[in-house]
Amino acid sequence: MSFFGKLKERLFKSSSRLSDGLDEIVADQSSTAAVAEPTPAAPPAQAAPQSAPAERPVTPAAPAARPEPVAVAEPKPEPEEPAAKPGFFARLAGAVIPEAEQRRLVDDEMLETLEDLLIRADMGVETAARVTANIAEGRFGRRISARELREALAGEVARILEPVAKPLPIYPRRPQVVLVVGVNGSGKTTTIGKLAAQFRAAGKKVVIAAGDTFRAAAVEQLQVWGKRADVPVLTAAQGSDPASLAFDALTQAQRDGADLLLIDTAGRLQNRQDLMEELAKIVRVLRKVDPDAPHNTLLVLDATTGQNALAQVEVFRRIADVTGLVMTKLDGTARGGVLVALADKFGLPIHAIGVGEQIDDLAPFDPEDFARALVGASD
Ligand SMILES: Nc1nc2c(ncn2[C@@H]2O[C@H](COP(=O)(O)OP(=O)(O)OP(=O)(O)O)[C@@H](O)[C@H]2O)c(=O)[nH]1
Ligand SMILES: [Mg+2]
């Protein structure tokens, strides 16, 4: 399967939520404004078409016996309106009438529904408003199909993501020190294992430092990944100072002529001041060996935390001078839109995304593929 296919399949929850929502917006002809105007003659003025004539559904009466499409893994968010409304039948009709035939007037009501949908997809209030305004531009007062809406949205999302999609840069300087930070369980250790395997496969000499000295299990977990990736894992006694392990690891990596040193750290909640100070200490100690280290500080974010990811970026950026993001667990969450909010708000590079627990489930971040997968657009 192409990576796009895999991404789309993995992002199923996010894209099905958004995609279904887009279909519903267009199929919902209950609005008085959703009138069949023969041609999109209306000027793109922001004045709402108050004088819109009475409702005239575009779609013929639906064969109501048709079941709803089944490809929905979770309850659809239906906040505003009761189910038994003209839009409901229009939606049923959507199952039999080709998508291209259904069009919906882009008016204030439609745009408001779209904005709500984007907020529910975790894009954040500001980003959702901006995206909606951009979609309105040049389309207001015109009639749009679900496919066109999906394409327009994919375009807007890709435009936001484009500037931040950057693979982890590799510098000529050796060893390049990559410090990996994040809250508990965000996927740091797994991401290190995946990165190690990929860089190893690309011919780099990689060393991992098991900087999470709190949990014995953390070291074992990293050793398993090290074995899978065929990369040595440097460890220290449980409970020992992670900064001193980082120091030793960098000295050894220099001695061994390693290309990359990946340093795992313990998960730390952003409100634990002591743990945050420990992180700052790791950085200070690394700089004693190499004033430019760490060359990259990756913040690993769990997509399932939704909007909380934004707060995590703010705190970690203050403490650890974050240079880039990795977002994990985009499979199995309906909150993939948070990545758009992150890109829009911080502009930090997004190096990779995690779409599963296996070694090859870390992919470079391709903005166009991601945008299309997120909104459920076709390949
Ligand atoms: N579905 C899915 N699971 C993931 C992904 N990345 C990590 N995980 C899982 O998330 C859980 C936590 O991952 P870890 O890598 O241990 O997270 P961590 O940040 O090192 O956790 P702590 O060291 O406890 O702070 C594990 O069960 C991983 O298998 C991903 O992209 N998709
Ligand atoms: Mg860990």
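An oxygen atom of ligand 1 sits 3.1 Å from a polar backbone atom of serine 186. The model is predicted. Polar side-chain atoms of two further residues also approach oxygen atoms of ligand 1: lysine 188 at 2.7 Å and threonine 189 at 2.8 Å. Of the 650 Å² of accessible area that ligand 1 has on its own, the protein covers 79%.

**Shell around ligand 1**

- Ligand 1 is surrounded by 20 residues, and the closest are Lys188, Thr189, Thr190, Asp331 and Glu357.
- Sorted by class, the shell holds 11 polar, seven charged and two nonpolar residues.
- Helix H7, which spans residues 188-201, supplies four residues, the largest share of the shell.

**Polar contacts of ligand 1**

- At serine 186 the protein partner is a polar backbone atom.
- At lysine 188 the partner is a polar side-chain atom, 2.7 Å from an oxygen atom of ligand 1.
- At threonine 189 the partner is likewise a polar side-chain atom, and the distance to an oxygen atom of ligand 1 is 2.8 Å.

**Fold and packing**

- The protein contains 13 helices and 10 strands.
- Among contacts in the protein with a separation of 6 or more, 80% are between residues 24 or more positions apart.
- The protein has 379 residues, and 52% of them count as buried.

**Surface**

- The protein has an accessible surface of about 16,500 Å².
- Carbon and sulfur atoms account for 53% of that surface.

Methods: Residues numbered from 1 in each chain as written. Chains lettered and ligands numbered in written order. Predicted model: local features only at pLDDT ≥ 70, side-chain atom pairs only at ≥ 80, totals over all residues. Heavy atoms only, no water. Helix = DSSP H or I, 4+ residues; strand = E, 2+ residues; numbered from the N terminus. Buried < 20%, exposed > 50% of the residue type's maximum accessible area, 1.4 Å probe, protein only. Contact = heavy atoms within 4.5 Å. Areas by Shrake-Rupley, 256 points an atom, 1.4 Å probe, with all protein chains shown as cover. Near = heavy atom within 4 Å. Polar contact = N/O pair within 3.5 Å; in protein donor to acceptor, adjacent residues only side chain to side chain. Nonpolar A, V, L, I, M, F, W, Y, C, P; charged D, E, K, R; others polar.
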